[in-house]
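Okay, thanks for making time, everyone. I'll put the structure up and then walk you through a few parts of it.

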Amino acid sequence: MELIRQAGARKGARPDTFVGWLFVTPAILHTIVFMAVPAAGALFLSFTEWDMTSAPRWTGLRNYQEILFDRDLYPDFWISVRVTLLYAVLAVPAALFTGFVQAYLIDTVRRGQGFFRLAFYLPVVTAEAAVAAIWRWLYDPQFGLINEALGLIGIEGPDWLGIPEMVVPALVLIAAWQSGTAMLIFLAGMKGIPRNLYEAAEIDGANRRAQLFSLTLPLLRPTTFYLTVTGVIFALQMFGVVYVLFGRDIGGPESAGLTYVLQLYVSGFRDGEMGVASAMSFLLFIATLLITALQFRLSRRDAAS
(Lines give C-alpha, C1' and ligand atoms only; values in the text may rest on other atoms or scores of the structure.)
Protein backbone atom coordinates (compact mmCIF):
# COMPACT_ATOMS: atom_id res chain seq x y z
CA MET A 1 0.00 0.00 0.00
CA GLU A 2 2.88 2.32 0.80
CA LEU A 3 4.42 1.68 -2.63
CA ILE A 4 1.09 2.55 -4.30
CA ARG A 5 0.90 5.79 -2.36
CA GLN A 6 4.48 6.65 -3.33
CA ALA A 7 3.73 5.88 -7.00
CA GLY A 8 0.71 8.14 -6.93
CA ALA A 9 2.67 10.87 -5.19
CA ARG A 10 5.45 10.75 -7.81
CA LYS A 11 2.93 11.35 -10.59
CA GLY A 12 1.62 14.43 -8.86
CA ALA A 13 -1.71 12.95 -7.86
CA ARG A 14 -3.05 12.76 -4.33
CA PRO A 15 -2.29 9.29 -2.89
CA ASP A 16 -5.85 8.81 -1.69
CA THR A 17 -7.22 9.66 -5.15
CA PHE A 18 -4.88 7.18 -6.82
CA VAL A 19 -5.84 4.40 -4.40
CA GLY A 20 -9.51 5.23 -4.85
CA TRP A 21 -9.29 4.91 -8.64
CA LEU A 22 -7.42 1.64 -8.18
CA PHE A 23 -10.33 0.20 -6.22
CA VAL A 24 -13.14 1.42 -8.50
CA THR A 25 -11.45 0.57 -11.81
CA PRO A 26 -12.54 -3.12 -11.81
CA ALA A 27 -16.15 -2.09 -11.18
CA ILE A 28 -16.00 0.52 -13.95
CA LEU A 29 -14.50 -2.00 -16.41
CA HIS A 30 -17.15 -4.56 -15.44
CA THR A 31 -19.91 -2.02 -16.03
CA ILE A 32 -18.53 -1.00 -19.42
CA VAL A 33 -17.71 -4.50 -20.73
CA PHE A 34 -20.65 -6.49 -19.37
CA MET A 35 -23.41 -3.87 -19.19
CA ALA A 36 -22.84 -0.74 -21.30
CA VAL A 37 -21.46 -2.47 -24.41
CA PRO A 38 -24.15 -5.23 -24.52
CA ALA A 39 -26.85 -2.62 -23.88
CA ALA A 40 -25.56 -0.51 -26.77
CA GLY A 41 -25.49 -3.61 -28.97
CA ALA A 42 -29.06 -4.51 -28.00
CA LEU A 43 -30.20 -0.95 -28.74
CA PHE A 44 -28.69 -1.21 -32.23
CA LEU A 45 -30.28 -4.63 -32.81
CA SER A 46 -33.69 -3.29 -31.78
CA PHE A 47 -33.67 -1.26 -35.01
CA THR A 48 -32.81 -4.28 -37.14
CA GLU A 49 -34.20 -7.58 -38.33
CA TRP A 50 -31.84 -10.33 -37.16
CA ASP A 51 -32.38 -14.08 -36.90
CA MET A 52 -28.88 -14.90 -35.54
CA THR A 53 -27.91 -16.70 -38.77
CA SER A 54 -27.63 -13.82 -41.22
CA ALA A 55 -26.38 -10.26 -40.98
CA PRO A 56 -28.70 -7.75 -39.24
CA ARG A 57 -30.84 -5.70 -41.64
CA TRP A 58 -31.71 -2.12 -40.64
CA THR A 59 -35.49 -1.61 -40.29
CA GLY A 60 -35.69 1.59 -38.24
CA LEU A 61 -38.66 1.80 -35.87
CA ARG A 62 -40.60 -1.04 -37.51
CA ASN A 63 -40.00 -3.49 -34.62
CA TYR A 64 -41.39 -1.02 -32.08
CA GLN A 65 -44.41 -0.18 -34.26
CA GLU A 66 -45.30 -3.83 -34.88
CA ILE A 67 -44.86 -4.85 -31.23
CA LEU A 68 -47.05 -2.04 -29.92
CA PHE A 69 -49.75 -1.82 -32.58
CA ASP A 70 -49.89 -5.04 -34.65
CA ARG A 71 -51.88 -7.47 -32.50
CA ASP A 72 -52.18 -9.94 -35.36
CA LEU A 73 -48.41 -10.26 -35.63
CA TYR A 74 -47.71 -10.27 -31.88
CA PRO A 75 -50.98 -11.32 -30.19
CA ASP A 76 -49.31 -12.30 -26.91
CA PHE A 77 -47.43 -9.05 -26.29
CA TRP A 78 -50.22 -7.17 -24.51
CA ILE A 79 -51.22 -10.37 -22.70
CA SER A 80 -47.71 -10.53 -21.26
CA VAL A 81 -47.93 -6.85 -20.27
CA ARG A 82 -51.23 -7.44 -18.47
CA VAL A 83 -49.95 -10.55 -16.69
CA THR A 84 -46.74 -8.81 -15.59
CA LEU A 85 -48.52 -5.71 -14.28
CA LEU A 86 -51.08 -7.82 -12.41
CA TYR A 87 -48.29 -9.90 -10.93
CA ALA A 88 -46.33 -6.79 -9.86
CA VAL A 89 -49.40 -5.15 -8.29
CA LEU A 90 -50.16 -8.28 -6.22
CA ALA A 91 -46.71 -9.75 -5.58
CA VAL A 92 -44.90 -6.65 -4.32
CA PRO A 93 -47.38 -5.85 -1.49
CA ALA A 94 -47.60 -9.55 -0.61
CA ALA A 95 -43.81 -9.88 -0.34
CA LEU A 96 -43.54 -6.63 1.65
CA PHE A 97 -46.27 -7.71 4.07
CA THR A 98 -44.75 -11.17 4.58
CA GLY A 99 -41.25 -9.75 4.99
CA PHE A 100 -42.44 -7.18 7.50
CA VAL A 101 -44.36 -9.74 9.57
CA GLN A 102 -41.33 -12.05 9.62
CA ALA A 103 -39.03 -9.20 10.65
CA TYR A 104 -41.45 -8.00 13.34
CA LEU A 105 -41.76 -11.47 14.84
CA ILE A 106 -38.00 -12.04 14.77
CA ASP A 107 -37.42 -8.65 16.40
CA THR A 108 -39.70 -9.60 19.28
CA VAL A 109 -38.16 -12.98 20.10
CA ARG A 110 -35.24 -13.03 22.51
CA ARG A 111 -33.62 -16.29 21.42
CA GLY A 112 -33.03 -17.96 18.09
CA GLN A 113 -33.03 -14.81 15.93
CA GLY A 114 -30.12 -16.16 13.87
CA PHE A 115 -31.95 -19.40 13.16
CA PHE A 116 -35.14 -17.66 12.06
CA ARG A 117 -33.20 -15.20 9.87
CA LEU A 118 -31.49 -18.13 8.16
CA ALA A 119 -34.72 -20.12 7.80
CA PHE A 120 -36.65 -17.23 6.26
CA TYR A 121 -33.78 -16.23 3.96
CA LEU A 122 -33.12 -19.71 2.56
CA PRO A 123 -35.83 -19.41 -0.17
CA VAL A 124 -34.00 -16.36 -1.55
CA VAL A 125 -30.69 -18.17 -2.10
CA THR A 126 -32.33 -21.32 -3.43
CA ALA A 127 -31.95 -21.72 -7.20
CA GLU A 128 -35.02 -20.65 -9.17
CA ALA A 129 -35.20 -24.01 -10.92
CA ALA A 130 -35.32 -25.76 -7.55
CA VAL A 131 -37.94 -23.30 -6.26
CA ALA A 132 -40.12 -23.91 -9.30
CA ALA A 133 -39.73 -27.70 -9.01
CA ILE A 134 -40.72 -27.62 -5.32
CA TRP A 135 -43.78 -25.44 -5.91
CA ARG A 136 -44.80 -27.46 -8.94
CA TRP A 137 -45.07 -30.44 -6.63
CA LEU A 138 -46.80 -28.41 -3.91
CA TYR A 139 -49.38 -27.20 -6.44
CA ASP A 140 -50.03 -30.65 -7.87
CA PRO A 141 -53.85 -31.10 -7.84
CA GLN A 142 -53.65 -34.77 -6.80
CA PHE A 143 -50.48 -35.21 -4.76
CA GLY A 144 -49.58 -31.63 -3.78
CA LEU A 145 -49.08 -30.76 -0.14
CA ILE A 146 -51.20 -27.59 -0.35
CA ASN A 147 -54.32 -29.36 -1.55
CA GLU A 148 -53.69 -32.14 0.97
CA ALA A 149 -53.63 -29.53 3.76
CA LEU A 150 -56.78 -27.84 2.43
CA GLY A 151 -58.48 -31.24 2.31
CA LEU A 152 -57.85 -31.71 6.05
CA ILE A 153 -60.11 -28.73 6.79
CA GLY A 154 -62.72 -29.74 4.23
CA ILE A 155 -61.70 -27.45 1.39
CA GLU A 156 -61.22 -28.88 -2.07
CA GLY A 157 -58.04 -27.39 -3.48
CA PRO A 158 -58.05 -26.04 -7.04
CA ASP A 159 -55.77 -26.97 -9.92
CA TRP A 160 -53.45 -24.10 -9.16
CA LEU A 161 -51.46 -24.22 -12.38
CA GLY A 162 -54.23 -25.59 -14.59
CA ILE A 163 -56.91 -22.92 -14.08
CA PRO A 164 -56.04 -19.57 -15.75
CA GLU A 165 -57.53 -17.48 -12.93
CA MET A 166 -55.38 -19.28 -10.32
CA VAL A 167 -52.01 -18.93 -12.06
CA VAL A 168 -51.13 -15.38 -10.98
CA PRO A 169 -52.26 -15.94 -7.35
CA ALA A 170 -50.09 -19.08 -7.34
CA LEU A 171 -47.10 -17.00 -8.53
CA VAL A 172 -47.86 -14.34 -5.91
CA LEU A 173 -47.77 -16.99 -3.19
CA ILE A 174 -44.29 -18.00 -4.34
CA ALA A 175 -43.18 -14.35 -4.26
CA ALA A 176 -44.48 -14.01 -0.70
CA TRP A 177 -42.57 -17.15 0.27
CA GLN A 178 -39.36 -15.63 -1.16
CA SER A 179 -39.57 -12.46 0.94
CA GLY A 180 -36.35 -13.09 2.85
CA THR A 181 -34.61 -10.03 1.44
CA ALA A 182 -37.45 -7.76 2.56
CA MET A 183 -37.35 -9.46 5.95
CA LEU A 184 -33.63 -8.72 6.41
CA ILE A 185 -33.93 -5.08 5.34
CA PHE A 186 -37.03 -4.49 7.48
CA LEU A 187 -35.23 -6.11 10.42
CA ALA A 188 -32.20 -3.87 9.92
CA GLY A 189 -34.53 -0.87 9.85
CA MET A 190 -36.22 -1.97 13.08
CA LYS A 191 -32.82 -2.40 14.77
CA GLY A 192 -32.00 1.17 13.79
CA ILE A 193 -34.98 2.67 15.60
CA PRO A 194 -33.79 4.08 18.95
CA ARG A 195 -35.18 2.02 21.84
CA ASN A 196 -35.69 5.12 23.97
CA LEU A 197 -38.57 6.05 21.65
CA TYR A 198 -40.38 2.84 22.60
CA GLU A 199 -39.57 3.44 26.29
CA ALA A 200 -41.04 6.94 26.05
CA ALA A 201 -44.12 5.53 24.29
CA GLU A 202 -44.58 2.96 27.06
CA ILE A 203 -44.35 5.69 29.68
CA ASP A 204 -47.08 7.58 27.80
CA GLY A 205 -49.27 4.47 27.94
CA ALA A 206 -48.92 3.28 24.33
CA ASN A 207 -49.46 -0.44 23.91
CA ARG A 208 -47.70 -2.65 21.34
CA ARG A 209 -50.33 -1.96 18.67
CA ALA A 210 -50.03 1.80 19.12
CA GLN A 211 -46.23 1.56 19.02
CA LEU A 212 -46.43 -0.44 15.80
CA PHE A 213 -48.66 2.02 13.94
CA SER A 214 -47.33 5.26 15.49
CA LEU A 215 -43.61 4.50 15.69
CA THR A 216 -42.41 1.45 13.78
CA LEU A 217 -44.32 1.81 10.52
CA PRO A 218 -43.79 5.61 10.10
CA LEU A 219 -40.07 5.33 10.86
CA LEU A 220 -39.74 2.46 8.37
CA ARG A 221 -41.23 4.53 5.54
CA PRO A 222 -37.86 5.06 3.73
CA THR A 223 -37.15 1.31 4.03
CA THR A 224 -40.60 0.47 2.68
CA PHE A 225 -40.12 2.87 -0.22
CA TYR A 226 -36.76 1.30 -1.15
CA LEU A 227 -38.22 -2.20 -1.01
CA THR A 228 -41.21 -1.11 -3.09
CA VAL A 229 -39.01 0.35 -5.83
CA THR A 230 -36.68 -2.65 -6.00
CA GLY A 231 -39.59 -5.08 -5.66
CA VAL A 232 -41.41 -3.55 -8.65
CA ILE A 233 -38.23 -3.71 -10.73
CA PHE A 234 -37.72 -7.39 -9.91
CA ALA A 235 -41.40 -8.20 -10.46
CA LEU A 236 -41.28 -6.70 -13.95
CA GLN A 237 -38.40 -9.08 -14.73
CA MET A 238 -40.16 -12.27 -13.58
CA PHE A 239 -38.85 -15.16 -15.68
CA GLY A 240 -37.09 -18.18 -14.18
CA VAL A 241 -39.86 -19.58 -11.99
CA VAL A 242 -42.59 -19.36 -14.67
CA TYR A 243 -40.25 -20.81 -17.29
CA VAL A 244 -39.61 -23.93 -15.18
CA LEU A 245 -43.13 -24.16 -13.72
CA PHE A 246 -44.84 -24.55 -17.08
CA GLY A 247 -42.03 -26.18 -19.06
CA ARG A 248 -42.97 -26.69 -22.70
CA ASP A 249 -46.46 -25.25 -22.07
CA ILE A 250 -44.96 -21.76 -22.11
CA GLY A 251 -47.09 -19.33 -20.13
CA GLY A 252 -49.44 -22.02 -18.84
CA PRO A 253 -53.17 -22.30 -19.62
CA GLU A 254 -54.41 -19.53 -21.93
CA SER A 255 -51.04 -17.76 -21.42
CA ALA A 256 -52.14 -16.83 -17.90
CA GLY A 257 -48.53 -17.03 -16.70
CA LEU A 258 -46.90 -15.44 -19.74
CA THR A 259 -44.78 -12.73 -18.17
CA TYR A 260 -43.13 -10.00 -20.21
CA VAL A 261 -39.59 -11.37 -20.00
CA LEU A 262 -40.85 -14.86 -20.84
CA GLN A 263 -42.49 -13.44 -23.98
CA LEU A 264 -39.22 -11.64 -24.74
CA TYR A 265 -37.35 -14.93 -24.41
CA VAL A 266 -39.82 -16.69 -26.73
CA SER A 267 -39.44 -14.00 -29.37
CA GLY A 268 -35.66 -14.07 -29.25
CA PHE A 269 -34.72 -17.70 -28.72
CA ARG A 270 -37.71 -19.72 -29.95
CA ASP A 271 -38.89 -17.57 -32.85
CA GLY A 272 -35.40 -16.32 -33.72
CA GLU A 273 -36.45 -12.65 -33.78
CA MET A 274 -33.59 -11.06 -31.89
CA GLY A 275 -34.38 -7.62 -33.25
CA VAL A 276 -37.91 -7.84 -31.86
CA ALA A 277 -36.61 -9.22 -28.55
CA SER A 278 -34.13 -6.34 -28.29
CA ALA A 279 -36.90 -3.83 -28.94
CA MET A 280 -39.03 -5.46 -26.24
CA SER A 281 -36.11 -5.25 -23.80
CA PHE A 282 -35.81 -1.50 -24.37
CA LEU A 283 -39.54 -1.02 -24.01
CA LEU A 284 -39.23 -2.78 -20.64
CA PHE A 285 -36.30 -0.52 -19.74
CA ILE A 286 -38.32 2.60 -20.55
CA ALA A 287 -41.37 1.32 -18.64
CA THR A 288 -39.24 0.47 -15.59
CA LEU A 289 -37.63 3.92 -15.74
CA LEU A 290 -41.01 5.67 -15.92
CA ILE A 291 -42.55 3.60 -13.11
CA THR A 292 -39.53 4.22 -10.87
CA ALA A 293 -39.61 7.96 -11.60
CA LEU A 294 -43.34 8.00 -10.79
CA GLN A 295 -42.69 6.26 -7.48
CA PHE A 296 -40.04 8.83 -6.54
CA ARG A 297 -42.39 11.67 -7.49
CA LEU A 298 -45.24 10.27 -5.41
CA SER A 299 -42.83 9.69 -2.51
CA ARG A 300 -41.66 13.32 -2.58
CA ARG A 301 -45.26 14.55 -2.74
CA ASP A 302 -46.18 12.32 0.20
CA ALA A 303 -43.17 13.55 2.21
CA ALA A 304 -44.03 17.19 1.46
CA SER A 305 -47.64 16.74 2.59
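So, before anything else: this is a predicted model. Let's start with one ring, Phe47. Is it buried or exposed, or something in between? Phe47 comes out as partly exposed, because its relative accessible area is 21% and the cut-off for buried is under 20%. Its partner ring belongs to Tyr64, and Tyr64 is buried, with a relative accessible area of 13%.

How do those two rings sit against each other? By the ring-pairing rule, the model has 18 aromatic pairs. Phe47 with Tyr64 is one of them, a tilted pair with 5.6 Å from centre to centre and 45° between the planes. The two residues come from distant parts of the chain, 17 residues apart: Phe47 is in the loop between α2 (15–45) and β1 (48–49), while Tyr64 is in helix α3, residues 62–69. They also have company, since Phe44, Phe47, Trp58 and Tyr64 form one aromatic cluster.

Now a second pair, Phe77 and Tyr260. This one is edge-to-face, because the planes are at 70°, and the ring centres are 5.7 Å apart. Here the link runs across 183 residues, from Phe77 in helix α4 (residues 77–108) to Tyr260 in helix α14 (residues 260–270). Both partners are buried: Phe77 has a relative accessible area of 4%, and Tyr260 has 6%.

Okay, helices. Go back to α2, the one just ahead of the Phe47 loop. It has 31 residues and reaches 43 Å from first C-alpha to last, close to the 45 Å expected at 1.5 Å a residue. Where does α2 bend? At Val24, by about 40°, and a proline, Pro26, follows within four residues. As for burial, the buried residues of α2 are Val19, Ala42 and Leu45.

Helix α5, residues 113–125, is another one to look at. It has 13 residues and spans 18 Å from its first C-alpha to its last, close to the expected 18 Å. There's a kink in α5 too, about 25° at Ala119, shortly before the proline Pro123.

Next, the largest pocket. Its volume is about 690 Å³. It's lined by 26 residues, and the closest to its centre are Ala175, Gln178, Gly231, Phe234 and Ala235. Which helix gives the most to that lining? That's α12, with 6 residues. The elements that each supply at least two lining residues are α4, α8 (164–177), α9 (180–191), α12 (221–236) and α13 (240–246). For those of you thinking about chemistry, the lining divides into 17 nonpolar, 8 polar and 1 charged.

Since α13 just came up, have a look at Val242, which is in that helix. Val242 counts as buried, because its relative accessibility is 1%. Val242 and Ala132 are 110 residues apart in sequence, and their C-alphas are 7.5 Å apart in space.

Now compare that with Glu148, over in helix α7, residues 145–152. Glu148 is partly exposed, with a relative accessible area of 45%. Take Glu148 and Ala303: they are 155 residues apart in sequence and 47 Å apart in space, C-alpha to C-alpha.

That's my tour, so let's open it up for discussion.

Terms used
Residues numbered from 1 in each chain as written. Predicted model: local features only at pLDDT ≥ 70, side-chain atom pairs only at ≥ 80, totals over all residues. Heavy atoms only, no water. Phe/Tyr/Trp six-rings, centres within 6.5 Å; stacked < 30°, edge-to-face > 60°. Buried < 20%, exposed > 50% of the residue type's maximum accessible area, 1.4 Å probe, protein only. 1 Å grid on protein atoms, 1.4 Å probe; cavity = no way out; pocket = protein on both sides within 12 Å on 5 of 7 lines; lining within 4 Å. Points joined across faces, edges and corners; volume = space filled by probe spheres on them. Nonpolar A, V, L, I, M, F, W, Y, C, P; charged D, E, K, R; others polar. Expected span 1.5 Å × (residues − 1). Bend = angle between axes of the 7 residues up to and from the residue.
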